[in-house]
Every structure is written in structure tokens, then in C-alpha cells.
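User: Hi! Could you walk me through this structure in simple words?

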Amino acid sequence: MTGVENPTGTAEPAPAREAEARGGQGWAVVRRLVLSPAVLSVAGALALTTLVMVAVGVDPSLAYPALLRGALMDGNFEYTLAAYVPTLGMAVAFAIPLRAGEFNLGGDGQLSLGGIAAAALALHAGGSYVVPLLGAALAGALLAGLSAPLRTRLGIPAIVSTLLLSAPAVSLASYLARFPLAEPGTGLAQTPLLPEAARLPAFGAGSYVTIALPVVAVLTALWLYADARTVPGYEIRALGANREFARYGGVRVDRLAAVTLAAGGAFAGLVGGLIVLGPPYRFVDGALTAPGYTFTAIAAVLLAAGRPPAVPWAVALLTILQAGGQGMEREAGVPSQLTQIVQGLIIVIVAVGAVVRSRSAGRRG
Amino acid sequence: MNDHARAPSVELAGITKRFGDVLANDGIDLAVERGEVHAVVGENGAGKSTLMSILYGLHRPDAGQVLRAGAPVRLRSPADAIAHGLGMVHQRLRLFPGLSVAENVVIGAEPVRRGVLDRTAAHEAVAELAGRYGLGVDPAARVGELPVGVRQRVEILKALYRRAEVLILDEPTAVLTPGEADGLFLTVREFAAEGVSVLLVTHKLEEVLAASDRVTVLRGGRVTGRFATAATSADELVRAMIGRSLGTARQERRQPVEAPPTELAPVDAAPVGVKAGAAPVGARAGEAGSYLLEVRDLWVRDRDGVAAVAGVSFGVRAGEIVGLAGVAGSGQRELVETVTGLRRAGSGTVLLGGRPVEAGKERRVAYVPGDRAGRATAPAMSLADNLLMGAQHGLRLRPAQVRRRAAALVERFSIRASSVRAPIAHLSGGNAQKAVLARELSRDTPVLVVEEPTQGVDVGAQEQIHALLAAARDAGRAVLVQSSELSELRALADRVLVMFEGRVVAELPVSQATDERLGAAMTGATLPQPTGGAEGPERLGVAGPQPVGDAEEAAG
Amino acid sequence: MNTFLAAVLTATAPVVLAALGGLLCSVSGVFNMALEGQLLWGAFTAVLFSHATGSAWLGVAGAVLATVLYAALLSVPAVTFRADPVVVAVGTNLLALGLTAFLMRQVFGSGGTFSSPDLSGLPTLAALGLDLPVLGPQSPLVPVAFLLVVWASWWLGRTRSGLRLRGIGQHAEAAESIGLRVPVYRHAAVLGAGALCGLGGAQLALGNVTLFSEGMSAGRGWVAVVAVMLAGARPWLGLGACLLFGAAEALGFRLQGFGLPQQAADAAPYLITLLALVVAAAMRRDKERTV
Amino acid sequence: GAGQPAASPGKSVILITPNPVGTNSFLQLSVKGAEAAAKEIGASFKLYESKDPTSIAQNLDAAVRAKPTVIVGVSFSFDDLFATVPKQQPGQQFLQVDSCAKEQAPNLTCVSFKEHEAAYLAGVEAGLLSESGKLGVVAALDSPFVHRWIDPFFAGAKSVKPSVTGTPLYVGGNNPFSDPARAKSQAQTLTGQGVDIVAAAASAGNQGVFEAASASGAKAFGVDVNQCAQSAGTIIDNVLKHVDVAELAAIKDIAAGKAGGVKVYGLKEGGVGVNALDDDLASSGCTVASNPDVVTKVKQVRDDIVAGRITVTDPLAG
Ligand SMILES: Nc1ncnc2c1ncn2[C@@H]1O[C@H](COP(=O)(O)OP(=O)(O)OP(=O)(O)O)[C@@H](O)[C@H]1O
Ligand SMILES: Nc1ncnc2c1ncn2[C@@H]1O[C@H](COP(=O)(O)OP(=O)(O)OP(=O)(O)O)[C@@H](O)[C@H]1O
Ligand SMILES: [Mg+2]
Ligand SMILES: [Mg+2]
């Protein structure tokens, strides 16, 4: 996996920036922007998808505006934000342990377990949303934390154990939602509506944008700060860059790796809680995993290629793409299969564009 | 035809290579004849490895060209270079950790029988080569499990096996024992006699003088001297390399200072930055402080349960440098790891300032590891971040302060680096070593443990590092130095311990540590006890708790 | 017991083929998470070619060829351009899902499931005159899958190219410096994995059943990824992981009949695999300690 | 069609599914019904596929903005939203298929089904035709809702042959609704245990069930639509749920101004059933056609249920 190859992201393309400053003449800047790999890769992706559309008889002049409107306008922005929040949360859940060189592929399990824990607490413990959210984070942390002793005591890599623990956790949450915690008398695969007190305050009545947005935003900012500006953040980076080096430098490597795994799990569990405590205010089986937050988030983090500040942007790109895809289906009558095709192509092309960019920067540096 | 016969075997013409702001090679011309051993020397960062990498197709020059037998060749990859009859032993080892020694040696040119790898033939070929050139390795061993020194031998075997017409050796002897190095140079001479051209990069001038025909000196990416070996001297080479002569009193011994220092001062405070004619390095024999580092009947088992360290006892006093000699794999590594708390002791104790070392807890000694890329640095992290490791404390990280501190260390230890923000991997080998030393010497711990202090370091820096270690000793630190360089141990240490098969088989005061004695002890041969009655070879070492008693007496 | 064994073998064969492909990639140093999509693509193209030509074997050949081409979508970005293989895999998996469903509507005129009496499935071994009662009624690709594991193990350990592939995966720089063309080997591994996934998809759609339905790879590619992670570079271990997983799954199926909740049966293979890992690791540690 | 009115710009039908339609035969049928209805009332048709509760809400928002003639939401996933949105949008007509929101607004129409009655009839057929007395069901997932197809099926069989035993097995796994290979393996497990009739309720997995039944000489039941042709000679009958028919009728009613209320489709209303009850049984390809006495018995049980002489327990009502 190349995600860890340069996890420190410390190599800054300083000369490139200087060159930019020097090249004050507008023309050079414009040329470099236009020919920059990022722009080229987006252009390439657009060209290719346009070709696909034309080939199957979809009018691109309808589809593209629909894509933008579907993500950003006509009241769709609310839902794009609603999808952005959990994806960003899951991205951080993956990125925290990744900085320490551990892969957390068990996001779905941690998410589901956190969600069902929040639902159970909200239904049976009463009170506000605080306890359910803490319970959700704890559930996720415990599940992911389980991988730490497996790694340090038995040498089972976290990438394997998190993945293996994920499916059973999803099954457990599913079982709980279908049977013991199910809405009585309906037989539906969902819990009853959660009590009012436990619901997250929303921005506007019935809005899908809840305080989950500021919560995740603040936590992400804290992580970015911790990563770049704290001693534990430094030690985590060192651990990810060279475990033996960190151990030699007096870092408690096993404990720190466990902490990052648990922190990642806590993030994922919290996201599960935030989803469940938001509209429609219940745990609906499959609703947490169906949108594929976990893998979108992993793709975004890897796309950010070891630069944490780029993670929120990469998540935004992929979320807009997905939300816009649905808009295309609704407005331009693009079948959902075609949306998947377009999204798949764009992800591949952007993945290529991202490295072409970092490689050319590296060469200059 | 005639032209070709007269043309040099390989020729570099006007080679220029730039890495960002660093001009690594600046219009270098260099020609090597058939059958010639051509040494390339220069300070750390002078551009030697870069030049060799260009010759081997790993880097492409910004300007200039490579000629083989008079004809220009395009070297876009090592595959091209190999096709043109070049072979290279890299300074940074390039081996496959999961493959066996034999597989590592033959890969790319494997013996095959009826479409299947001929393992027997591979093993035999490797064993034969190893035997012929005195490079002891087990063809079946997994390379990842071998100590660095042995890995280096594998790297050399690789080049020998391929029988290149032009052989590039980038610091091949950095971690070889003197015997092994001698064997290697015999081989190199044999090759040359067969018409092979050898390019030899090394910091050891004795090797240059003993093994080469001609020398090219690089400095700051340019050629600053070309010599016929027979008509030059070490001093002349050094002057071309660093623009001055070395400190004159290098081999002399300084007189003991009057009183042992009462307080431990961090090295930061000690005089460093040795310039021309600086204070000579020497041992202050006989002056005994208290034991700051004490090892009592230590046993350490390796992963297979074999005793890597078998009942070792010794002590290092404040204000003393103790040298640790031994053939690679004799238990030095495990001993050092236990002393530094990175490995758990099987039984026995390690005391630091009287307090036992607990494995996995905070490291209480400054430690310069021999494995630079594996342990001493995180190659992908910036130089600044690498220089911080071990000193970080508190919760907030102040990047500006980290960089400032790094810049100060770079300045003080004259590390050649373009920026403290760039990955430490961009530093030349010797500069990376200096960075590690800078970091560890700036820790104010009473005990300092150093493995291979001048591994890959140029002569000027060697002198500087030796001065730094001596200064640390003079400041009252206890210093344990492991080195495969016997001359280094003789120059630095007050006492030398020799390890063989996990035991300390000899302890020699530096005055008695001749090459012959050390060499004999290192290979397990019995030798007449130099310092007093011995009951047998096993008891030659410092047995049991005597040193402790001595210390108490001395202290009382 | 016999039917149990047969069920395990049938269910495991496509996973084994995909895992073997993933293993070759991982040996060469490319992490291949695109198996799920390639398996699905293989299943679809197998049905497509079998339906078009009327021959199941041409369907298999078509699937292998088409999936090799599809795998280039991973190998070119990941090997030539050095894009992150995991991101690319996320893209190609999504693409396979959309593309198969889309083409299915275009070619067969309906979504969901395609099956037809005209669609010829693979014959059983017995029908070919190779009656091996222990194996049960299997398609010929089932023994082929297991034989390929044996072959891969031999090839990696005993041939020139196998040795070089292993070396490349361990230290690409070192491989380059002895003149090996790293990208060539990596392309070959990724495309080879494509061929194996094509075979696996064909077995799934023409051997296990005779039909195509949207998303019918149903996570088998992910199970294969887990097996690859468990096995490292050892084909036998990969096979063992697949068989263990398949056996646990089949056992879970049977226990459902005795009241085991379906969700528990779903979880069983993962938990049993983890348990096996833990036991193996603990035993290894014990051995180390006692020596 | 020539006689039909052309789609006028004002009229449109928007169908929102809770999941991607994919291989889900129930959703496919609902799409078919809404499409047909749109054609008949001269409206355009749009399908909004959702993937989770949030995207359902988003699709509903978008649909409300589009102001169509009717917004159709399929399944209980719309219970929460249709309890509030229709009240906020009194000028908009809504139709919920297969469930009904609590506190129904006047502009919300509901259609729901008694599929358990049809499953009971299939069970009767199975009880009469089974030789081994062992029946099985292969369902996609173990969920109380799915038991509407399982429990009545076994109950129907026991009503005619008390000694029968029934085993349900579930596909589960990563993609329970589209894993024919796993479904086939489950069916093989059942036939291996001596089960000679397997009812399929596994969406795209059904074909796998039929293959297994066919290979071992067992018989099977299909679901939702007539699947008898998919495996000639293997399929006894199907548990039908005429979603398309009910939906067509409801949309036409709404377009004609007859909105509101809950329409329950059971055997009585002809909204659910088995092929044995249909007039075209002979051409259906279902093997039950060759057992006239079974058909007679089924019709009789149907009459008993319609007349209230037999009540089929709804597993969800408990
Ligand atoms: N990949 C690289 N990127 C940036 N700078 C580099 C790179 N490789 C080498 N340099 C720089 O080029 C210069 C020459 O380095 P080189 O490794 O050739 O030195 P050297 O003579 O081999 O030194 P040493 O004796 O320490 O090994 C150094 O300043 C080094 O920092
Ligand atoms: N969190 C940190 N942020 C930045 N620099 C640090 C940090 N921790 C340690 N350092 C650097 O390491 C140096 C050595 O630290 P040391 O443990 O010797 O403490 P110190 O010299 O007393 O420093 P301080 O004044 O911060 O207490 C510090 O002077 C500082 O430059
Ligand atoms: Mg060098
Ligand atoms: Mg060097």
C-alpha cells in the first residue's frame, strides 16, 4: 500500500512556491495553472465522461448542470453537507491510525456498532444526546482497540484484524436492530423513533444538517492541529515513518499505535452515533453502511496522499461527485449505472492526477 | 579497432547533476583504464555517490555523457548499465530481506536446470566465491536476519558473482573487519589483473594508498585533484579533499588532566567544532571515575533461543571511553541493545548510574546506532524532525523552535544540508551520520553508546567526531564505542573489550591493543593474558563483579 | 460429509482464483483491492461470451481475455503512473458495478438477473468422463483452481521469474539496481490477476450457477483480499485461508437449520478465521518461548 | 399506443425507491406499475433511486420541488417522511405502496398487501405435493418482515399435512439480494437433507435455488412474478404480489381525483395470489397445472380465506 510511503508529508515543494512568487508575470502563472496536472486530470475526466455520455445518448449539456445543481443548489446543498459530515468523520477515522502506519479497514463495523450503541442508549438510558454519543465513540474505540493487542501481542496486522472484526460487528448491529431493539409490532429492520431529548439539534426544523457538522468540523480541526503541532502528533508521524526509529527515540510505540487505532475507532463510532441521532432519528439496518462512507473516506485520504490538510478537500470532491450523481439521475434521467461508471472513471483519473502532481513537485524540490 | 583498444574502459565526460539547489556534480571528467583500480575520494556530500549512480544508470545527468570503450552510451536504467558490463556495490545496501543469501546473489543471473532454479548450483557458487575471497556467509541464511556487516558481504558477493567489466564499489568496506577488507582488496587486485576496471569510493585513505592505481579527488561536486597513487601521500590527498591538513597530533596521547570532572556538563556546553589544529584526541589512561555504566553477568537470547550474549560483565567509568571490538555477529549488537533498553535481558543486570535499565522504558543513554536507515533515522522525515527525536517533551510542538534547534545543530556540527525541512534521505551518507551524532551528543545523559561512529564519514569529519567523543569523555561522560575499525578503537578508547561468540574474551588496555592481539581475540584464538593471571580463554574477559569492587575502592 | 466437502469446494473455487491473483500482485509489491470488481466483470463477460457463442468454454476464454483488459485499468494507473492502487481499485470496483449493470440492460434488454436456456454453463467433471466422487459434481474449473495454487507455489519458489517477482515485491529499488524491469513484472502480475479473476468470474457465473445477476460477486473479492493479507507471499496459506473461510461459511449455513441466527452465520467465517489466526500466532509465540 | 393521450407537460409521476432497484423483483414490479400508469394518464415518468434514509429524504425534497401529479414512495421506509411531508404540502398528492404512514393526511393514498395469504396458499400446495414431508425456504435475509413469506408457507402446508417440517435458510452475506451462488448452495443444503420442495424468496438468488432444485429432482416455488418459465418443470407455483396492478389502479384513481384512504390488497381483492388461481394456468408453465386436485383444493382454501372461514396469521401482527 502506498499510502504510508510518505506519511509525514514534510517534504514541502518550497522551490515551487518560490518560483511561483518570482513568476509574477500573469501569463506564466496562467499557463502553469492551465497546464497543472490537477486541472488536466479534471479535464481528462470530463472529456472521458462526456464521451461515455454521448455514446449512450445522454445530453451532456443537461447532465453537467444537473450534476452541479444536484450537489450544490436547489436545497440539495443541505444533503450534500449531510453526506459530507459522516464521510469526513470516517476519513479522519482512517487517517489517524494511518499516520501511525496502521490501516483501519474496519470502519463499517465501528460505524454500525457506534450507531446501534447510540440507539440503544437513547432508547433505554434516556437523557440528552451526550451519553449516546459518548457510548457510540466508546463502542467504536473498543472494537478498533481490540486490534491493538492482536497486533502487539500476536503480530496480527491491524489491516487484517480490523477487516475481520468489521463484518461480525455489522452483523451484530443488524441482529440487534432486527430483533431485540426492533420497533415493536412492525417487524421492520429498524429501531423505534428515538426520544426527542436524544435527537441532535438541527439547523432549521426538519433539516438534515445537525450539530454533527460543527462537532465533526471541530474534531477534524483538532486532529489537524494535533498532527502538526503537538508532541504526540509528532511521535505518531515518526511511528508511521519508521517504527524502529520511534521506539529508539523513546516513543512507547505499542501504546501509541493502540491509542491511534482506538481514536480512529472512536471517530467512526461517533459518526455512527451522529447519523443515528440525526434524522430520521432511528437506527435503520443497513442505512449506515449502504452509502459506502467507509470506502469513499479511504479513497479520499489516500487521494490526499499523506497531506492531512488536504483530506477535507478530497472528501469534499468525492462527496460532491456522489451527491451530484444523484442529481444527474433525477434531472437528466441518467440511469444510476451510468452515474457509477462516471464516478468510477473520475476516481481513477483523479488518482492518477494526484500523483502526477506530487511527483512533479517532488522533482522540483 | 585501434581507437577502441586505446580508449579508456569507461569515461565520464563533463557530468553535471543538480538536486534542487544542490549542485552535486559540476562538470566532472573521469576516465578509468582497463585493469585499473581507480579511487574516488572526497568529503561527505562531495558528490561521489551521485557520480557513481549516474555511471550505473540510477540518475540521469543534467549534462555530460558516459563513454564505454570510447563510445558514448545511454544509461537510462541499471539494466542498461548491466548490459554495458557495469556492476555496482551500493553504499546504501540494496538487498532483498526475505530472500536467502544465495538467492540475493544470483537473482538476475540465476543458474537454471531444465527451466527450474538450480539451488544447489547457486549455493555452491556462492559458497565457492565466499570461500575464495574470505567473505564468510551462509548461503542459506535469510538476509533480513543478518547483521549489517554480513549484509555488506552479500552485496559484494553479488558484484563478484556477476563478474562485471567495470566494477563500482561505493564504500564497500564501511562495515567490514580489517581481515575481510584485506581479502576484498586482494580480490579487487585479482579482478584488475584480469582486465576489470574498478572504481573504488572510500573514506579510508590507507585503502586508497594500498589498493588503488590512481585517485580522483572531489570536493563540492568538482574534481580538485588527480593523482597517481604511487606518487602521492595521504596528506596530499587530504589537502585536496578538505583544503587543509589534518590535526597533526592525531596519534599522540594527551596527558591526563588533573582532576576528574565533578559535574556532568552536556556536550552542548563542551568545546566542539574542531577546526584545523584543534585539540588532539587522546586517552587519559588510568584516570578512574565511578562506574556510570555497569553490566553484570548479562545473558541475552536471540529469537531462536541461542545465547547472543553469554554472561558478559564489565563497567564503564565516568571520563572513560571503552571500545568494543569483535567480528560482526559476536553479540555486540545485542549487548548494545540491552544496554540502551531496546532489548530485554534474559538474565543479569545493566545499571546506569546505579539504577537498573528497564527495557521499553525511557532511554537513559545517548545512543548512536549503527543501522542508520533502520533505526537511527526516519528517512522520509525532515532533517529537523529527525534531529528532534528523543528530545521532544511536553504537549505542544513548536515547529519554529524545532527548526531553529535543527539549524543550530547543523551549524555546530557542520552538517551539509540544503534545508532542515528536506527529508534526511536527501543527505549524503556521511552527513546523515553526523546528524545522528549531533542529535545524540546534544542529549545531556551521562552515558553515551556509539556504534560505528565514523561509518561512511570523511577523514575531516572523522577527526571531528573523534574530537567530539573525546570531549564528551573529558566532560565526565562514560562512553562505550563499538567499531569494526580497529585503528579507530586504538585512537579513541582507553580500554578495548573483545567479544567472541557472545562473551567478552579479552580486555586490553589501549597500550596493548595491537592489531595482532585484537585480531586473535576476535577470532577466538587464545592469547597470552596481557594484564594478569587467567585461568583459561573463557576467563580472559572481565569476569564477575570485580570491576564493581574496584570502582568502590577507587571511589572510597 | 461428502456433500459438505463438495459445497465448500464449489463455494471456494472463485475466491481461490481471485485470491491467487491478488497474491501474485502482492508478491510483486502491488496491493490489489480491485478483485471484487474484476470478479464481477469476469462473471458478466463469461455470460456475455457464452451466450453469444453458445459455448461455455468460449465464455471462459472471453472472460479471461476481457478481464485481463479490464485489469489494465488498474495496472496502467498504478504501475505506470504510480497512482495509489487502493484509490484506483475503489474506482474500478465502482466502474465494474455500473458497467455490468448498464451493459446488461443494453445487451440483454433487462436489468436484475439474466438467465436463459440458451446460456450454456460449464459441464460437470462427470459429464466429461472424469468422475471423482469425492469432489462431488464440480465444474472442471474447480480442480483447475486448486491445481493453479500448487503451480503458483512451485513457480514462485522454483523458477527464475518467480524468484524475481518475489524480489521485486520486497525491494523494488534493489531489483532495479540489478537490472530487473520492475514495471514489466508488476504489469504482468496485475494482468495475470485479471486473468485469474476472469476465470473466477466464469466459474461463478457458468460453474456455480448459470446466470448473471447485478453485483453477483457479492463480496467474494473482499474475502479474497483478506486471504491475500493473511497469506503474504505463500500460496498454500492463501488456499488454507480460503478453505477455512469457505468451510466456516458452509457450517454456518447448516447451523441456520438448527436455529443459529442468520447474522451469526454471516459473522462466523470472519470470527473463525480470526480465531485461527490468534491460535496460530499464540502457538508460534509459545514455541519461541519454550526453545 | 395510439389511443393514449400524449404526455402533457403538466402531468408527471415520480417514483422513489428506498434502495437501488437492481435485482429486487418487488421494486422492478413497482417501477413497471408506475410506468404503465404514467403512460395511461398521459404523464411523464421519473424514477428516483435512493440508497439510505438521507437520500430518500433528499429525493422526496427534489420530487416535491418538481410538483408532479403524484409522488409514489415504495415501502415502509417512507413511513416517517409521509407522516409529515404530505401535511406540509397539501397541494401535492402522495402514494405509499406496501405500507402506510401513521396519522394519514388526506392527500396521502396507501396501498398495502396481504402477501401472507398467498404464501399460505403456496404452503397448501407444497403440503399436498411433498413426498418427503420436508419443506424448506431460502430467503435473502432473516428479518421479521421476511417471515411473512416463511411462516404462513409452513402453516399452509401443515394445514393439509400436519406432519410436515419446515426449515428456513437465509442467504445473508455481503449482497443477500443478489447472490445466486450462495442461494444455490443453501438450496443444496436443504435438498441434501431430504427436502423436496424449496420456496425461494431470495430476489436474484431465486434462479440459484431453482438450479439446485432442478439438479436434485426437487421442486420449487417462485415469488412476486411468474418465474415458472425460468426453470421448466421445476417450479410448482409462485407467491404473487400484484404490486404493478395495484399501483396502476391507485395512480389512475388519484389522477381522476379519488385520493386518500388505504387500499388493502389480499386474496379477496385479487392483489395477491398464486398462479394456480389464474385462468391462464395451463400456459403459465407451472407444474401445479398437472395436479388438478391440488388446484381445486387451493381454490377452495382461497374461498375459505376470502369468506373468513380461515384466518391466516400475519407474523407481523403478533
Ligand atoms: N536524491 C537527492 N535529492 C536531493 N539531494 C541529494 C540527493 N542525493 C544526493 N543529494 C545531495 O547531493 C550532494 C552529493 O551527495 P552524494 O551522496 O553524492 O555525496 P557523497 O560524496 O557520496 O557523500 P558521502 O561520503 O557522505 O556518502 C549532497 O549534498 C546531497 O545532499
Ligand atoms: N515540544 C517541543 N517543541 C519544540 N521543540 C522541542 C519540544 N520539545 C523539545 N524540543 C527541543 O528539544 C530541545 C531539548 O530539550 P530538552 O529536553 O533538553 O529541554 P530544554 O532544553 O530544557 O527545553 P525547554 O526549554 O523546552 O524545556 C529543546 O530546547 C527544544 O529545542
Ligand atoms: Mg555517498
Ligand atoms: Mg559516505
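Analyst: Happy to; we can go through chain contacts, disulfides, lone cysteines and a helix.

User: Great. What kind of model is it, and how are things labelled?
Analyst: This is a predicted model: local features need pLDDT of at least 70 and side-chain atom pairs count only at pLDDT 80 or more, while totals for chains, interfaces and linings use all residues. Residues are numbered from 1 along each chain as its sequence is written, chains are lettered from A and ligands numbered from 1 in the order in which they are written, and side-chain values use heavy atoms, with hydrogens and water left out.

User: Cool. How many residues of chain C are in contact with chain A?
Analyst: On chain C there are 42 residues in contact with 42 residues of chain A, where contact means heavy atoms within 4.5 Å.

User: And what area is buried between chain C and chain A?
Analyst: The buried area is about 3600 Å², and carbon and sulfur atoms give 81% of it. Buried area is the accessible area (1.4 Å probe) that two parts lose on being put together, summed over both. Val87(C), Phe102(C) and Gln263(C) supply 17% of what chain C buries against chain A, more than any other three residues.

User: Which helices of chain C supply that side?
Analyst: Helix 3 (56-80), helix 4 (85-108), helix 9 (220-231) and helix 11 (262-290) of chain C each supply at least two residues of the side that touches chain A. The largest share, 15 residues, comes from helix 4 of chain C. Helices here are DSSP runs (H or I, at least four residues), strands are runs of E (at least two), and both are numbered from the N terminus.

User: What classes of residue are on that side of chain C?
Analyst: The side of chain C that touches chain A has 30 nonpolar, six polar and six charged residues. Ala, Val, Leu, Ile, Met, Phe, Trp, Tyr, Cys and Pro count as nonpolar, Asp, Glu, Lys and Arg as charged, and the others, Gly among them, as polar.

User: How many salt bridges are there between chain C and chain A?
Analyst: Zero salt bridges are counted between chain C and chain A. A salt bridge is a side-chain nitrogen of Lys or Arg within 4 Å of a carboxyl oxygen of Asp or Glu.

User: OK, switching partners. What about chain C with chain B?
Analyst: Here 23 residues from chain C and 29 residues from chain B make the contact. Chain C and chain B bury about 2100 Å² between them, with 58% of it on carbon and sulfur atoms. There are three salt bridges between chain C and chain B. Glu110(B) forms a salt bridge with Arg164(C), with the closest N and O atoms 2.8 Å apart.

User: Where on chain C does that side come from?
Analyst: Helix 5 (141-158), helix 6 (160-170) and helix 7 (172-177) of chain C each supply at least two residues of the side that touches chain B. Helix 6 of chain C gives the largest share, seven residues. By class, the side of chain C that touches chain B divides into eight nonpolar, seven polar and eight charged residues.

User: New topic: how many disulfides does the structure hold?
Analyst: Over all chains it holds two disulfides, a disulfide being a pair of cysteine sulfur atoms within 2.5 Å. One joins Cys100(D) to Cys110(D), S to S 2.0 Å. That link is right-handed, with 65 degrees about the S-S bond.

User: And the other one?
Analyst: Cys228(D) and Cys286(D) form a disulfide with their sulfur atoms 1.9 Å apart. The torsion about their S-S bond is about 95 degrees, so this disulfide is right-handed. These cysteines are 58 residues apart, with Cys228(D) in the loop between strand 9 (219-224) and strand 10 (235-241) of chain D, and Cys286(D) in the loop between helix 9 (281-284) and helix 10 (292-307) of chain D.

User: Are those cysteines buried or exposed, Cys228(D) and Cys286(D)?
Analyst: Both Cys228(D) and Cys286(D) are buried. Buried means under 20% relative accessible area, exposed over 50%, and partly exposed in between (1.4 Å probe, protein chains only).

User: Why does Cys25(C) have no bond to Cys197(C)?
Analyst: Cys197(C) holds the closest cysteine sulfur, but the sulfur of Cys25(C) is 8.2 Å from it, so they are too far apart for a bond. Cys25(C) is buried, at 0% relative accessibility.

User: Last one: which residues of helix 8 of chain A are buried?
Analyst: In helix 8 (residues 147-154) of chain A, the buried residues are Ser147(A), Ala148(A), Leu150(A) and Leu154(A). Gly155(A) follows helix 8 of chain A, and its phi is positive, near 70 degrees.
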